[in-house]
Amino acid sequence: MKHHKPFQPDPAKRLAHYQAADINDKLIINFRDISHTMRSLYEGRGSQKRILMVLLETGPITQRALTERLGIQPGSASEVLSKLEHAGLILRTASTEDRRTTDISLTEEGRKQAAKARALRDRRHEQMFSCLSQSEKVQLLTLLETISKDWDSRYQEASENKCAGQKE
């Protein structure tokens with residue numbers, strides 16, 4: 001099977017495009033680039049490491065609550081949970097409160113793996129913002145929260161329509 005490299009634009013053309021862009025386009029370009037970097041650093045919402053870390057935070061949780069918290073489809077969760085169970089990292093047991101549901105909990109080895117993944121994530125988060133001083137981090141956070149709040153209200157309908165379209 002032939003693997004294709006992701007498209008990499010000519011760096012000189014990319015720089016020229018960036019330099020010619022207005023301030024709003026430069027902001028969007030930077031948001032896009034940061035988004036691509038973050039996606040490459042993190043596995044998906046339903047990754048094994050993410051599930052282990054959520055279980056470490058929550059303790060035992062129903063499979064339904066776990067999928068809702070992760071924002072993934074139940075079928076996707078079942079596949080990953082089967083792999084984690086086979087690896088001896090989680091236990092799936094029938095709920096004592098409702099036999100129709102399954103409770104998910106970490107094994108001792110699962111707790112160790114989750115703690116290790118969390119420590120790596122925390123170190124990476126520190127590194128990601130190490131180029132900023134504490135006051136710059138606070139300023140950036142304030143600005144991002146302002147943008148996020150505005151975009152949530154301004155583009156809420158577009159976001160809901162997109163999500164509804166994905167479910168069909």
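Here's a quick rundown of the core, the main pocket and the aromatic contacts in this structure. Keep in mind that the model is predicted. The largest nonpolar core has 17 residues, and the largest pocket comes in at about 600 Å³.

**The nonpolar core**
- Ile51, Leu52, Leu55, Leu66, Leu81, Leu84 and Ile90 are the core residues that touch the most other members.
- Helix 3 (48-58), helix 4 (63-70), helix 5 (74-86) and strand 3 (102-106) each give two or more residues to this core.
- Leaving aside residues up to four places away in sequence, Ile90 touches Leu52, Leu55, Leu81 and Leu84, and its contacts also include Ile104 and Leu106.
- As a rule, nonpolar side chains in soluble globular proteins tend to be buried together.

**The largest pocket**
- The lining takes in 19 residues, with Asn30, Phe31, Ile34, Leu140 and Leu144 nearest the pocket's centre.
- Helix 2 (23-41), helix 6 (108-128) and helix 7 (134-154) each chip in at least two lining residues.
- Helix 2 supplies the largest share, at nine residues.

**Aromatic rings**
- Searching the whole structure turns up two aromatic pairs.
- In one of them, Trp151 and Tyr155 meet edge-to-face, 6.3 Å centre to centre with 75° between the planes.
- Trp151 is partly exposed, at 40% relative accessible area, and Tyr155 is partly exposed too, at 44%.
- Phe31 joins Trp151 and Tyr155 in a cluster linked by ring pairs; Phe31 also turns up among the residues nearest the centre of the largest pocket.

**A charge over a ring**
- Lys26 has its charged end over the ring of Tyr18, 5.3 Å from the ring's centre.

Key: Residues are numbered from 1 along each chain as its sequence is written. This is a predicted model: local features need pLDDT of at least 70, side-chain atom pairs count only at pLDDT 80 or more; totals for chains, interfaces and linings use all residues. Side-chain values use heavy atoms; hydrogens and water are left out. Rings of Phe, Tyr and Trp (its six-membered ring) pair if their centres lie within 6.5 Å; planes under 30 degrees apart count as stacked, over 60 as edge-to-face and the rest as tilted. Buried means under 20% relative accessible area, exposed over 50%, partly exposed in between (1.4 Å probe, protein chains only). A charge sits over a ring if NZ of Lys or CZ of Arg is within 6 Å of the ring centre and within 35 degrees of the ring normal. A nonpolar core is a set of buried Ala, Val, Leu, Ile, Met, Phe, Trp, Tyr and Cys residues joined through side-chain atoms within 4.5 Å. Helices (H or I, at least four residues) and strands (E, at least two) are DSSP runs, numbered from the N terminus. Contact means heavy atoms within 4.5 Å. On a 1 Å grid over the protein atoms alone, a cavity is a set of points where a 1.4 Å probe fits but cannot get out, and a pocket is an open set with protein on both sides within 12 Å along at least five of seven lines; lining residues have an atom within 4 Å of a point. Grid points are joined across faces, edges and corners, and a volume is the space filled by probe spheres set on the points.
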